[in-house]
Amino acid sequence: MGEEANCNVAMESAAPKENGHTTGGAAAEAKAAAAACAEIAVTDAAAVPKPTPPPAAVAVDPRLQGISDAIRVVPHFPKQGIMFNDITPLLLRPGVFKDAVDIFVERYRGMAIAAVAGIEARGFIFGPAIALAIGAKFIPLRKPKKLPGEVISETYVLEYGTDCLQMHVGAIEPGERVLIVDDLVATGGTLCAAIRLLGTHYFLI
Ligand SMILES: O=P(O)(O)OC[C@H]1O[C@H](OP(=O)(O)OP(=O)(O)O)[C@H](O)[C@@H]1O
Ligand SMILES: Nc1ncnc2[nH]cnc12
């Protein structure tokens with residue numbers, strides 16, 4: 001992510017939505033490849049080497065649809081113009097909640113991640129479960145005046161207001177790999193603040 005490498009940071013929004021564009025792109029690519037194969041076949045079946053079969057369409061994780069369906073979109077909350085993505089219905093369905101956690105555990109297990117940094121408040125819902133399952137420590141990135149020890153801070157702009165994240169000094173050792181977890185990305189302001197927070201004392205990839 002940054003140029004200086006020492007602490008490696010990856011970010012995950014804990015409720016991934018299926019990306020129709022990606023699926024459409026893969027389908028279009030397969031269709032184009034199939035058309036190309038058909039064209040070669042009719043041109044000169046004997047002379048042309050056998051075409052490589054089109055790549056199989058990218059398999060979409062069937063759990064993503066259930067996760068997407070369990071997120072309620074509330075228009076104009078908490079103020080006019082905001083389409084609020086409410087994850088609380090997902091939390092009421094243990095199987096879907098588990099799917100959301102499992103997807104990230106499967107992706108990040110065995111990747112030498114030393115710490116999961118959860119962003120207050122909704123990153124605290126998913127982050128600890130992921131941390132425990134991959135054998136990493138959990139670091140809360142908190143809103144101001146909640147941490148009793150020495151902190152470093154980052155202020156950021158939200159869709160509706162400004163806020164600040166803080167982390168205890170010493171929570172991460174130099175060179176440790178950190179996975180940042182939250183429920184969603186809107187403007188990306190919170191995520192950027194989290195990356196800056198970790199990057200103030202540790203380097204990023
Ligand atoms: O990409 P952004 O525009 O920065 O928005 C995303 C952030 O906003 C939400 O948190 P919020 O600040 O509402 O706090 P909460 O989790 O305490 O409700 C959400 O949980 C993300 O942290
Ligand atoms: N659109 C949105 N839905 C839910 N939480 C949010 N936080 C910031 N923007 C949000």
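Which pattern does the protein follow when read along the sequence? In the predicted model, the order of elements is β-α-α-β-β-α-α-β-α-β-β-β-β-α, which comprises 6 helices and 8 strands. Of the contacts with a separation of 6 or more, 62% are formed by residues 24 or more positions apart. Buried residues account for 36% of the 205 residues. The exposed area of the protein is about 11400 Å², and carbon and sulfur atoms supply 59% of that area.

The interior was examined next. In soluble globular proteins, nonpolar side chains tend to be buried together. The largest nonpolar core contains 22 residues, among which Ile67, Leu90, Val116, Phe126, Ile130, Ile134 and Leu179 touch the most other members. At least two residues of this core come from each of helix H2 (63-69), helix H4 (94-108), helix H5 (123-134) and strand E8 (178-182). The greatest contribution is that of H4, with 7 residues. A second core, separate from this one, consists of 18 residues and includes Ile119, Leu165, Ala193 and Ile195. When neighbours within four places in sequence are set aside, the contacts of Val116 include Gly127, Ile130, Ala131 and Ile134. Val116 is likewise in contact with Ala136, Lys137, Phe138 and Ile139, as well as with Leu179 and Val181.

Ligand 1 is surrounded by 15 residues, of which Asp182, Asp183, Ala186, Thr187 and Thr190 come nearest. By residue class, the shell around ligand 1 consists of 6 nonpolar, 4 polar and 5 charged residues. Three side chains place an N or O atom at a short listed distance from an oxygen atom of the ligand: that of Thr190 at 2.5 Å, that of Asp183 at 2.6 Å and that of Arg122 at 3.0 Å. On its own, ligand 1 has 500 Å² of accessible area, of which the protein covers 87%.

Asp86 lies in strand E3 (residues 83-86). Is this charged side chain buried or exposed? Asp86 has a relative accessible area of 10% and is therefore classed as buried, the limit for that class being under 20%. The side chain of Asp86 forms a polar contact of 2.5 Å with that of Arg72 and another, of 2.8 Å, with that of Thr88. Beyond residues up to four places away in sequence, Asp86 touches Ala70, Ile71, Arg72 and Val74.

Several backbone features were also identified. Most residues other than glycine have a negative phi, and most peptide bonds are trans. The peptide bond from Phe77 to Pro78, however, is cis, with omega near 0°, and Pro78 belongs to the loop between strand E2 (72-75) and E3. Glu120 and Ala121 are also joined by a cis peptide bond, with omega about -5°; Ala121 is found in the loop between strand E4 (115-119) and H5. A positive phi, near 55°, occurs at Ala112, which is placed in the loop between H4 and E4. Ala112 is classed as exposed because its relative accessible area is 64%, where the class requires over 50%. Lys145, also not a glycine, has a positive phi of about 65° and is found in the loop between strand E5 (137-141) and strand E6 (151-158). With a relative accessible area of 82%, Lys145 is exposed as well.

Methods. Residues are numbered from 1 along each chain as its sequence is written. Chains are lettered from A and ligands numbered from 1 in the order in which they are written. This is a predicted model: local features need pLDDT of at least 70, side-chain atom pairs count only at pLDDT 80 or more; totals for chains, interfaces and linings use all residues. Side-chain values use heavy atoms; hydrogens and water are left out. A nonpolar core is a set of buried Ala, Val, Leu, Ile, Met, Phe, Trp, Tyr and Cys residues joined through side-chain atoms within 4.5 Å. Buried means under 20% relative accessible area, exposed over 50%, partly exposed in between (1.4 Å probe, protein chains only). Helices (H or I, at least four residues) and strands (E, at least two) are DSSP runs, numbered from the N terminus. Contact means heavy atoms within 4.5 Å. Accessible areas come from the Shrake-Rupley method with a 1.4 Å probe; for residues, only the protein chains shown count as cover. A residue is near a molecule or strand if one of its heavy atoms lies within 4 Å of it. A polar contact is a pair of N or O atoms within 3.5 Å; within protein, one must be able to donate a hydrogen and the other to accept it, and residues adjacent in sequence count only if both atoms are side-chain atoms. Ala, Val, Leu, Ile, Met, Phe, Trp, Tyr, Cys and Pro count as nonpolar, Asp, Glu, Lys and Arg as charged, and the others, Gly among them, as polar.
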